[in-house]
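Visitor: Please take one part of this model and go through it closely, with enough of the surroundings to place it. I would like the helix packing and the sheet beside it covered together.

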Amino acid sequence: MVSSTEYGSHSWELSLTVDHQHEGVEKEQVLHVTGDLHVGGLMLKLVEKIKIAQDWSDYAFWWEQKKCWLLKTHWTLDKYGVQADAKLIFTAQHKMLRLRLPNMKTVRLRVSFSSMVFRAVSDICKILNIRRSEELSLLKQSEGTLKKKKKKDKNSKEPATEDILNLSNSPVSSGLPANAGLYSKTMTPVYDPVSGSPASSTITWFSDGSLTEQNCSILALSHSTCSPEMLAEMYQPRTLADKAKLNAGWLDSSRSLMEQGVGEEDLLLLRFKYYTFFDLNPKYDAVRINQLYEQARWAILLEEIDCTEEEMLIFAALQAYHVSKLSLSSETQDSICESEVDEVEAALSNLEVTLEGGNKSNILEDITDIPKLADNLKLVRPKKLALKAIKTYWFVFRDTSISYFKNKESAQGEPVEKLNLKGCEVVPDVNVAAKKFGIKLLIPVADGMNEVYLRCDNEDQYARWMAACVLASKGKTMADSSYQLEVQKILSFLQMKNWTMSSQAASEPENVDMKPECFVSPRYTKKFKSKQLTARILEAHQNVSQMSLVEAKLRFIQAWQSLPEFGLSYYIVRFKGSKKDDVLGVSYNRLIRIDMATGDPITTWRFSNMKQWNVNWEIRQVAIEFDQNVSIAFTCLSADCKIIHEYIGGYIFLSTRSKDHNETLDEELFHKLTGGQE
């Protein structure tokens, strides 16, 4: 018996579990404690009692019932609210986690289970040598997306061991600080212009050698090919509701893995969550560019994003035939040619997605007289009974508005109609082979969206008007320095689509082994015979055959960005006052309300017009206020409302990035914008 004078009259017994692997030592321990004992003192008493000689510096208390870590070691048990019924587990903060990367490779590494997910992702990206970690996050596969796999899982629960890349011994993975020079802007890399991957002498970039040259090659080069059977086993969304399931499992960036039910050796997906890819640079971003390319490739193959037949063939020519062929040859190639990489860098300006309010260097260009466009275009207005009225008018594009007149002579008078494009949706309607160059405008009006179709005569006219419409939708004019870049980007994409069949290409013997079913989505595999697909992919390949590997990947990403649905993450919501469910599309610069049955946009709200947003956590309702006294409120049915709240705040946070600043992130600002007050 222990006398009360020895422990004090206010002492009580606390049951503790020690997570260790030592045999002969009890895991369950009981200590006599008082409420004014601080957590650090409790650790000391526990370690002294169990008498195991090991490094306990990574250990902390996990409170099982409350699902929280006791990380503030100076806090007392009373301050935390710990009482005799508490179940505390003394366990390591860094544990093993399996991550499936965008290229479908699985890596196994040691991750902090006590840090907020935002910090944990940053550490993971340091290990994998991926810059701009704020663009990525961790995704837990939802039940709905796993159903197709269950039959196979009965026979083979896990992938073969050799398929898992083990990075558990890296310094960051072990809880040690990363090499500070990893992201240094002054580093002088030696790189392979064909593969875009670092040469052997630059392996010192990678966190003091955490990535071997072989591992780096696995992450930076595209090795994976997929078969129709493999595609059939994977989840393919058919409807907007199916696509909403893909975004339901994003982890909360403001809480730790352990707090969100993630256990040791669990499998999570590492994905690009925010579709704003800042400062892509082939000199430093071999892994980042490849993983981004792979995420785009799988999104197209699994039909997570819609594209036309013409676009699918371009993706097939780029992604599988060209990139996979060059990837194989680059494994034995080790050449350096700076001019090629410089050309790619010059083209990178076409790739960057710049949010509203971004800083522009060409100030003089922006303050000159705002240019205008004036041309004869065809106006197509959908009518009832599926008939269309097509008529030619004289169109004038000035500032962010389009006015059209009966003819050029009447342009000095009042227009037939003036269309304000600020906040509208701009959708390309193009078939290069059929010489169809259309622009679909969905213009916000009081009761929804007003549809207007414009038809251009040729590629050049289309590129100029399309670029002007895209900028106007963001509130920018043709005086903006990005206008010419936008025109060039559109022309570049049209040029890739503009191919003619070469008899030589059709008869090349090296193409006999080509398996076109690996390069297109199942829909097109069913539509065409294998020989037809092969021929059409080879046609498309004529325009991309001279590209280097890294340029082909960048062009693929650029083409992906040109798709109308690019960057939209879908959620099923119920708007306040509505009696039916709608789909909400969240993009980098806007929210779109979409009719769930037809897939048609109903209303668009731009972030640039947003005054404030908040969440009523009791009823899980997101409320947003915009300019001109516009306000909306909705509850999220397909995911937790915190995910949408974090998406909005995350995009606002990413819009504050600038090349002029150093690459350290304002983590406090991120959590302020995304965390919410639950």
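Guide: **Helix α19 and its surroundings**

The chain has 20 helices and 24 strands. The model is a predicted one. Of the 678 residues in the chain, 52% are buried. Among contacts with a separation of 6 or more, 65% are between residues 24 or more positions apart.

The part to look at is helix α19, which covers residues 641–654 and packs against helix α20, residues 667–674. Two packed helices are described by the angle between their axes and the distance between the axes. For α19 and α20 the angle is about 135 degrees, and the axes are 8 Å apart. An angle of about 135 degrees makes α19 oblique to α20, because an angle over 145 would be needed to count as roughly antiparallel. The crossing of α19 and α20 is right-handed.

On the α19 side, the residues in this contact are K642, H645, E646, G649, G650, I652 and F653. On the α20 side they are L669, F670, L673 and T674. Sorted by class, the contact of α19 with α20 comprises 5 nonpolar, 4 polar and 2 charged residues.

Helix α19 also lies across a set of strands: β18 (569–575), β19 (582–586), β20, β22, β23 (621–626) and β24 (630–636). Relative to β22, α19 runs at about 155 degrees.

Those strands belong to an open sheet of 7 strands, in the order β21-β20-β19-β18-β24-β23-β22. Strands of a sheet pair through backbone hydrogen bonds, either parallel or antiparallel. In this 7-stranded sheet the pairing is antiparallel. Its edges are β21 (601–606) and β22 (610–616), each of which pairs on one side only. From one strand to the next, the twist averages 30 degrees. At one end of the order, strand β20 (residues 590–594) and β21 run antiparallel and are joined by 5 bridges. One position can be picked out there: L591 has W605 in β21 as its bridge partner.

Another sheet in the chain can be set beside this one. An open sheet of 5 strands has mixed pairing and the order β8-β10-β6-β7-β9. Here β8 (136–139) and β9 (164–166) are the edge strands, each pairing on one side only. The twist in this 5-stranded sheet averages 40 degrees from one strand to the next. Strand β7 (residues 106–112) pairs with β9 in the parallel sense, over 3 bridges. Within that pair, T106 stands opposite I164 in β9.

A helix lies across strands here too. Helix α4 (residues 117–128) lies across β6 (94–100), β7, β8 and β10 (267–272). With respect to β8, α4 runs at about 110 degrees.

A single residue from elsewhere in the chain completes the tour. L373 sits in strand β11, residues 372–382. Its relative accessible area is 9%, so L373 is buried; the cut-off for buried is under 20%. Leaving aside residues up to four places away in sequence, L373 touches F395, V396, F397, R464, W465, A468, M478 and Y483. One of these, F397, is 24 residues from L373 in sequence, and the C-alpha to C-alpha distance between them is 4.9 Å.

Notes
Residues are numbered from 1 along each chain as its sequence is written. This is a predicted model: local features need pLDDT of at least 70, side-chain atom pairs count only at pLDDT 80 or more; totals for chains, interfaces and linings use all residues. Side-chain values use heavy atoms; hydrogens and water are left out. Axes are lines fitted to C-alpha atoms, for helices over the stretch in contact, and angles run from 0 to 180 degrees between N-to-C directions. Helices (H or I, at least four residues) and strands (E, at least two) are DSSP runs, numbered from the N terminus. Angles under 35 degrees count as roughly parallel, over 145 as roughly antiparallel, 65 to 115 as roughly perpendicular and the rest as oblique. A crossing is left-handed if the near helix is turned anticlockwise from the far one by less than a right angle, and right-handed if clockwise. Contact means heavy atoms within 4.5 Å. Ala, Val, Leu, Ile, Met, Phe, Trp, Tyr, Cys and Pro count as nonpolar, Asp, Glu, Lys and Arg as charged, and the others, Gly among them, as polar. Two strands pair if DSSP finds at least two bridges between them. Buried means under 20% relative accessible area, exposed over 50%, partly exposed in between (1.4 Å probe, protein chains only).
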